[in-house]
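Colleague: Could you walk me through the empty spaces in this model, starting with the pocket, and then follow the walls outward? I'm new to this, so please take it slowly.

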Amino acid sequence: MEQPWIHKAKTDLLFIIGPSFFVLAIIFIFQDYITAIENDYSFYTWLFLIVFIDVAHVYATLFKTYFVKEEFQKDKKRLILLPVICFSIGLILFSFGSLVFWSFLAYVAVFHFIRQQYGFMRLYARKEAKTRFSVIIDNMAIYASTVYPMLFWFFSSERKFNWFIENEFFRFENKAILPILFWVYIAILSVYVIRTTLVSVKNKFFNVPKNCIILGTALSWYFGIVYFNDDLIFTLLNVVSHGIPYMALVYFKGVENSQNKKSGVFSFIKNYNAIFIYLAILLIIAFTEEFFWEFFVWNENISISTIDFSGWQFLLVPLLSVPQFTHYLLDGFIWKSKR
């Protein structure tokens, strides 16, 4: 049985599976310099991590939907209505206060991040012989790897990082429940390891990418949220492990579709250094969006506005959040046929 790579072994290992391990290795090697980097190079870490990865990966969805004529026509109604619905929901939520809006978006973002890891796991398990028990064990492993760190965040003492803004999550500090959650977490992963070992020996086959995805997810979420309590480390593990694999997946599938169907945006640009054009488009759009955020809302990393837009936040924040919110919801539909 061949390994179920999404694209090729080398590219999958570099861009989909590898980021979690690479970033974690960098963190341990340069751990003593993290604080200095965070304090002295905050603009560059913001530019690279938030703008060029986190925001950019949101717009990679365009290359699977709006930029592909066949996909747009096939799902036209949803693709038109969803941004309108997201904007309307944003307006309603923001009318109850900015904290309500950002809290809601944070929970949706967490769900989206968890489901992405589940999606990659299912993609890499697509060629395995499935039983109800095997699917349950796989699902429990990926969800334990992601849900336990979030529960630790909710029930532990104050963390030094946020998803979007301070106090976005409802927290119930309870140190008595943390050991219980930890041992449940260990028990689930132990069952997965034992079962995987037995099945691999029996079948004389070890699913490398699926198990690496689960391991990488467990490591990045545990060390990013539970083990370390640092904003830059959390951002590095959270953003890089999520954004780069997503952009890679869209590119691989876009190239694959354009080659097979002779259609889509990549059918036009694939012969003209498609990867560079793809990344350039994402970076330009991402920087443009973040510039608007800085100009109209945050005014932190790029301080050029002398006009007070605070009275328009109820409109500007939901409007600027539409691409991100739409990405969270749309991603639950566009990959279903692949998972």
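**The pocket and what surrounds it**

Modeller: Let's start with the helices around the largest pocket: α3 (42-60), α6, α10, α12 (274-298) and α14 (322-334) each bring at least two residues to its lining. Keep in mind that this is a predicted model. Which helix gives the most to that lining? That's α3, with nine residues.

The pocket holds about 1,100 Å³ of space. Its lining has 34 residues, and the ones closest to the centre are W46, I50, N162, W163 and F164. Sorted by class, the lining comes to 17 nonpolar, eight polar and nine charged residues. Hang on to N162 and W163 from that central group, as both names come back below.

Now for the enclosed spaces. How do you find an empty spot inside a protein at all? Rolling a probe the size of a water molecule over the atoms shows where empty space is left. Here the count comes to four cavities of 30 Å³ or more.

The largest cavity has a volume of about 120 Å³. Among the residues lining this cavity are F113, Q117, W163, W221, F234 and H242. So W163 is part of the wall of the largest cavity, and it is also one of the residues closest to the centre of the largest pocket. Three helices, α6 (98-124), α9 and α10 (231-261), each supply at least two residues of the cavity's lining. The top contributor is α10, with five residues. What mix of classes do you get there? Six residues are nonpolar, six are polar and none is charged.

You'll have spotted α6 in both lists: it helps line the pocket and the largest cavity. Of its 27 residues, 20 are buried, so α6 is largely enclosed by the rest of the structure. You can check its length yourself: at 1.5 Å a residue, the 27 residues should span 39 Å, and the end C-alpha atoms are indeed 39 Å apart.

On to the second largest cavity, which is about 90 Å³ in volume. Its lining includes W153, E158, R159, F161, N162, N167 and F169. There's N162 again, now in this cavity's wall, after turning up by the centre of the pocket. By class, this lining has four nonpolar, two polar and five charged residues.

W153 deserves a longer look. Setting aside its neighbours within four places in sequence, W153 is in contact with R159, F161, N162, W163, E168, F169, R171, I225 and F234. In other words, W153 touches both N162 and W163. What about the nonpolar packing? In soluble globular proteins, nonpolar side chains tend to be buried together. The largest nonpolar core here has 94 residues, and the members that touch the most others are I16, M150, W153 and W163. W153 and W163 are therefore busy in two ways: each helps line a cavity, and each is among the core members with the most contacts.

N167 is a bit of an oddball in the second cavity's wall. Most residues other than glycine have a negative phi, and most peptide bonds are trans. N167 has a positive phi of about 60 degrees even though it isn't a glycine. It sits in the loop between α7 and α8. Is N167 buried or exposed? With 55% relative accessibility, N167 counts as exposed.

Follow that loop onward and you reach helix α8, residues 177-203. Its 27 residues should span 39 Å at 1.5 Å a residue, and the C-alpha atoms at its ends are 39 Å apart, which agrees. Look at which of its residues are buried: L178, L181, Y185, L189, Y192, T196 and S200. What's behind that spacing? An α-helix has 3.6 residues a turn, so residues three or four places apart point the same way. The cover over the buried residues of α8 includes α7 (132-155) and α9 (208-227). Right after α8 comes K204, with a positive phi near 55 degrees.

One more case to compare: N299, in the loop between α12 and α13 (313-320), also isn't a glycine but has a positive phi, about 55 degrees. N299 is partly exposed, with a relative accessible area of 34%.

Definitions and conventions: Residues are numbered from 1 along each chain as its sequence is written. This is a predicted model: local features need pLDDT of at least 70, side-chain atom pairs count only at pLDDT 80 or more; totals for chains, interfaces and linings use all residues. Side-chain values use heavy atoms; hydrogens and water are left out. Helices (H or I, at least four residues) and strands (E, at least two) are DSSP runs, numbered from the N terminus. The expected span of a helix is 1.5 Å times one less than its number of residues. Buried means under 20% relative accessible area, exposed over 50%, partly exposed in between (1.4 Å probe, protein chains only). Contact means heavy atoms within 4.5 Å. On a 1 Å grid over the protein atoms alone, a cavity is a set of points where a 1.4 Å probe fits but cannot get out, and a pocket is an open set with protein on both sides within 12 Å along at least five of seven lines; lining residues have an atom within 4 Å of a point. Grid points are joined across faces, edges and corners, and a volume is the space filled by probe spheres set on the points. Ala, Val, Leu, Ile, Met, Phe, Trp, Tyr, Cys and Pro count as nonpolar, Asp, Glu, Lys and Arg as charged, and the others, Gly among them, as polar. A nonpolar core is a set of buried Ala, Val, Leu, Ile, Met, Phe, Trp, Tyr and Cys residues joined through side-chain atoms within 4.5 Å.
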